[in-house]
Amino acid sequence: MEDRKRALVSRLLQYALIHQVLGIPYNEIVIRHTAEGKPYLLYLERSQECDKPNLELPNFNFNASHHGDFVAIASEPICLVGLDVVSQTIPEKESVEEFIQSFSLYFSRLEWFNIINAGSSRQILSEFYRYWSVKEAFVKAIGDGVGYKLDTIEFHHKNWENIVVKVDGKELKDWRFWLLELEKDHVASIARGHPMYATSSYKTTLNRTKFNDEEYNLGLHLPNARFIFRKVEDLFPSNGTGRVPPC
């Protein structure tokens, strides 16, 4: 039941975001999912004027995540966006070391070294969740699913600032990452990257996948990501904006 509530709030967040950013009435918003489960906005031919994507948001896309006590959403006008929220849950039936061991194949040697040498068991667990979260944010940004080989993604950082990603040993310079510490032992990771890395199914949902360097750098170097907290009642449509379509 708790997870169903979080999923409902996640759905409300998506509608509220699209309405706020693009001005589309709630009852005209259509959200679809790719085969891998990536949500996207389906533009409908409502009118010749409204059908055109906002020129200031040529590649509007979004991603939502929920875990523990938080439900969150992020969007980007040009770059791909991936978001992952994780609650740093302490295992109850096994030690921290036993718990994380079952995930060891999903990390590079460097990442695993950094995790198991993070300090106390609590610090080891926190570092494990941080690495897991940024990996998930990257995979969700490109629109891939659970089949992606997470061990091919390697993250480098300095105290989780200036985060850099390497895929198959090659640094991706046109990506940026943020890891944010939330309340109650939660962390959130946001990935911002080039549309050319999107999966083939996700590319078909994007307005543009090619940008010149000047255009793309405008999107890549927008102000740092941050969250604005909202109450659930703030997500419902106000009078005149229509109702939220059923699931």
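Reader: In which order do the members of the open sheet of three strands lie, and what kind of pairing do they have?

Author: The order in this open sheet of three strands is S6-S7-S8, and the pairing is antiparallel. The model is a predicted one, and the sheet is read from it as it stands.

Reader: Why are certain strands said to stand at the edges of that sheet?

Author: Strand S6 (153-158) and strand S8 (170-171) each have a single partner strand, so one side of each is left without a neighbour in the sheet, and that places both at the edges.

Reader: How do you know that S7 and S8 are joined by enough bridges to be called a pair?

Author: A pair of strands needs at least two bridges, and two bridges join strand S7 (residues 161-167) to S8, the two running antiparallel; by that cut-off S7 and S8 therefore count as paired. One partnership can be named at residue level, in that Lys166 has Glu171, in S8, as its bridge partner.

Reader: What makes the length of helix H1 (residues 2-22) agree with expectation?

Author: At 1.5 Å a residue, the 21 residues of H1 should span 30 Å, and the C-alpha atoms at the two ends are 30 Å apart, so the expected and the computed span agree. Just after H1, Gly23 takes a positive phi of about 75°.

Reader: Which residues of H1 are called buried, and against which strands do they pack?

Author: Buried requires a relative accessible area under 20%, and in H1 the residues that qualify are Val9, Ser10, Leu12, Leu13, Gln14, Tyr15, Ala16, Leu17 and Ile18. These buried residues of H1 pack against strand S1 (31-33), strand S2 (39-41), strand S3 (61-67) and strand S4 (70-76).

Reader: What lines the largest pocket, and which element gives the most to its lining?

Author: The largest pocket, with a volume of about 1300 Å³, is lined by 44 residues, of which Leu17, Ile73, Arg226, Phe227 and Ile228 lie nearest its centre. H1 gives the most to this lining, with 10 residues, while H1, S4 and strand S10 (186-193) each supply at least two. By class, the lining of the largest pocket has 27 nonpolar, seven polar and 10 charged residues.

Reader: How many residues line the second largest pocket, and how do they divide by class?

Author: The second largest pocket holds about 570 Å³ of space, and its lining has 28 residues, with Glu36, Gly37, Asn63, Ala64 and Lys140 nearest the centre. Two or more lining residues come from each of H1, S1, S3 and helix H4 (121-142), and H1 gives the most, with six. The lining divides into 13 nonpolar, nine polar and six charged residues.

Reader: Why is a space called a cavity here, and how many of 30 Å³ or more are there?

Author: A space is called a cavity because a 1.4 Å probe fits there but cannot get out, and two cavities of 30 Å³ or more are counted. The largest cavity has a volume of about 90 Å³, and its lining residues include Pro39, Tyr40, Phe60, Tyr202 and Asn207. S2 gives the most to this lining, with three residues, and by class the lining of the largest cavity has eight nonpolar, three polar and no charged residues.

Notes: Residues are numbered from 1 along each chain as its sequence is written. This is a predicted model: local features need pLDDT of at least 70, side-chain atom pairs count only at pLDDT 80 or more; totals for chains, interfaces and linings use all residues. Side-chain values use heavy atoms; hydrogens and water are left out. Helices (H or I, at least four residues) and strands (E, at least two) are DSSP runs, numbered from the N terminus. The expected span of a helix is 1.5 Å times one less than its number of residues. Buried means under 20% relative accessible area, exposed over 50%, partly exposed in between (1.4 Å probe, protein chains only). Contact means heavy atoms within 4.5 Å. On a 1 Å grid over the protein atoms alone, a cavity is a set of points where a 1.4 Å probe fits but cannot get out, and a pocket is an open set with protein on both sides within 12 Å along at least five of seven lines; lining residues have an atom within 4 Å of a point. Grid points are joined across faces, edges and corners, and a volume is the space filled by probe spheres set on the points. Ala, Val, Leu, Ile, Met, Phe, Trp, Tyr, Cys and Pro count as nonpolar, Asp, Glu, Lys and Arg as charged, and the others, Gly among them, as polar.
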